[in-house]
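Let's take a walk through the inside of this protein. Have the sequence and the 3D view ready, and we'll start from the middle.

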Amino acid sequence: MTLTLEKSEKLLKRNELLIPGGLASLNRRADPCISFASGQGGRIKDYDGNEYIDYHFGFAPYILGHNDRDVNDAVKRSLESGLSNFGSGTTEEEGELAALFLKCLPAADKVQFLNTGSEATAQAIRVARAATGKSHIIKIQGSYNGHHNMVATNLITSAEALGGSQMKGDEYPKVPITAGTPLEELNLIHVVDYNDLEAVEVVVRRHSIAALLMEPVLQNIGVIKPEAGYLEGLRKLADEYGFLLIFDEVKTGFRAGLGGYQGVSGICPDLSTFGKAIANGYPISALAGRHEYMDLVISEDPAKRVLSAGTYNCHPVPVTAAIACLRKLMDPKLDVYGHLERLGARLQAGQEKLFQAHGIQAVISRQGSASCVYFAEKAPRNWWELLHSHDFDFDTIYRKTLIQNGVYHFPVATKQGSICCAHTEADIDESLEATDKTLGMLKK
Ligand SMILES: Cc1ncc(COP(=O)(O)O)c(C=O)c1O
């Protein structure tokens, strides 16, 4: 069977004449470049009428599923209530959202809402620099923390660009993922391997480090988890050397659990950033943390005062969506995280059985509802191991064939798959049947 994607292709061609690359975020461009016309719960339909069980979810925000009725109803009510983005004074809703949000995050005293994950990580870095009076930042190889200059380096980096060898106990060369970053800014970033405590200590001794900004679980190159003692070790180093530990929970926040990965691991960062699942796909993000850092936006000392500004911060539509979403995530009767864990375990067990039956070397790395299949002997500990063990070509063809069989994973190797709350056991079983068929097709 070959999918008909005529309308998707036509649409892309037309938009290419108007928009560079044809679409608003070129991260969304892959082969095949399918454009979707509608989504409901765990399923999406493209412009040609093909239906898929979705595991991509727009890079993961839709924890409740597409077009969740309760969230959308709340948004509709707010649109009819006279609320607007007045740009003057505070609102009842932003206070209500802040209270709900902070209830989920015991390590945070205060929260500032912004619009995107990138804004949140940029603000986190500013706050860390203001708090410490230092300028240098450590990031992790293979971590994505936003599109701005302060972090847009070293994501899917080739071995050659990294200097040809793994940098154990030290930093990698900087490899920006965007043109237009001044060298002066790049010089303030230091990139180390995940799960390498020694590298952090070496870099901290060498430079004046304001913060280590990291995804606590690397979820932009699949799902790479911290080894026992790693996050604890980072916490200790931060306290010893006086830099801030910032967890970028834009992906893990409200997905790994109600309290993000800091709730799962029990490690308290000084600051953390959130986005994606907060509002089930509506655009809102957050920076949260200890009051001594968060309150720098109101510091009496102008030299320490961090700018807090944004025309669209706390626009009523995403705020209303976030309140409705968090209420659902917090509702014990719905048992959202229990449901997601059960489905995640069912999918993983089914996949493991199928890969074994088809004689394909694969390992599944999973954190609750987020998972990734690595075509390797064991789950990687960092980007370097992933680069040298994973079969990227097979991963890509596997994804493309799954799409042919009605299961949508983003067709780029190592992209994390997500389960949503609207998925059912029947959806998982149907996906496993499609996986079985896919593996059968790839063997031929
Ligand atoms: C961990 C992480 N941080 C930050 C961002 C940036 O978020 P946004 O795309 O909303 O700017 C992303 C986006 O995928 C992310 O995964």
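What follows is a tour of the core and of one strand.

Keep in mind that this is a predicted model. Its largest nonpolar core has 101 residues. Among those with the most contacts inside that core are Ala 128, Leu 212, Leu 244, Ile 246 and Cys 325. Helix H10, covering residues 316-330, supplies the largest share of this core, with eight residues. The core also draws at least three residues from each of domain 1 (6-67 + 335-443) and domain 2 (69-330).

Now zoom in on Leu 212. Setting aside neighbours within four places in sequence, Leu 212 is in contact with Ile 138, Val 200, Leu 234, Ala 238, Phe 243, Leu 245 and Ile 246. There's a second, separate core too: nine residues, including Ile 53, Ile 403, Val 407 and Tyr 408.

Next up is strand E8, residues 244-248. Is E8 mostly covered or mostly uncovered? Mostly covered: five of its five residues are buried. In a regular strand, side chains alternate between the two faces of the sheet. Here Leu 244, Ile 246 and Asp 248 sit on one side, Leu 245 and Phe 247 on the other, and all are buried.

E8 has strand partners as well. Strand E7 (residues 209-214) runs parallel to E8, joined by four bridges, and Met 214 has Phe 247 as its bridge partner. To get from E7 to E8, the chain passes through helix H7 (residues 230-241) in a right-handed β-α-β crossover. E8 also pairs in the parallel sense with strand E9 (residues 271-274), over three bridges, with Asp 248 partnered to Thr 273. The path from E8 to E9 goes through helix H8 (residues 260-265), and this β-α-β crossover is right-handed.

Key
Residues numbered from 1 in each chain as written. Predicted model: local features only at pLDDT ≥ 70, side-chain atom pairs only at ≥ 80, totals over all residues. Core = buried A, V, L, I, M, F, W, Y, C linked by C-beta atoms within 7 Å. Buried ≥ 20, exposed ≤ 12 C-beta atoms within 10 Å, placed from the backbone. Helix = DSSP H or I, 4+ residues; strand = E, 2+ residues; numbered from the N terminus. Domains from an automatic or database assignment. Contact = placed C-beta atoms within 7 Å. Pairing = 2+ DSSP bridges. Right-handed = clockwise from strand over helix to strand, strands pointing away.
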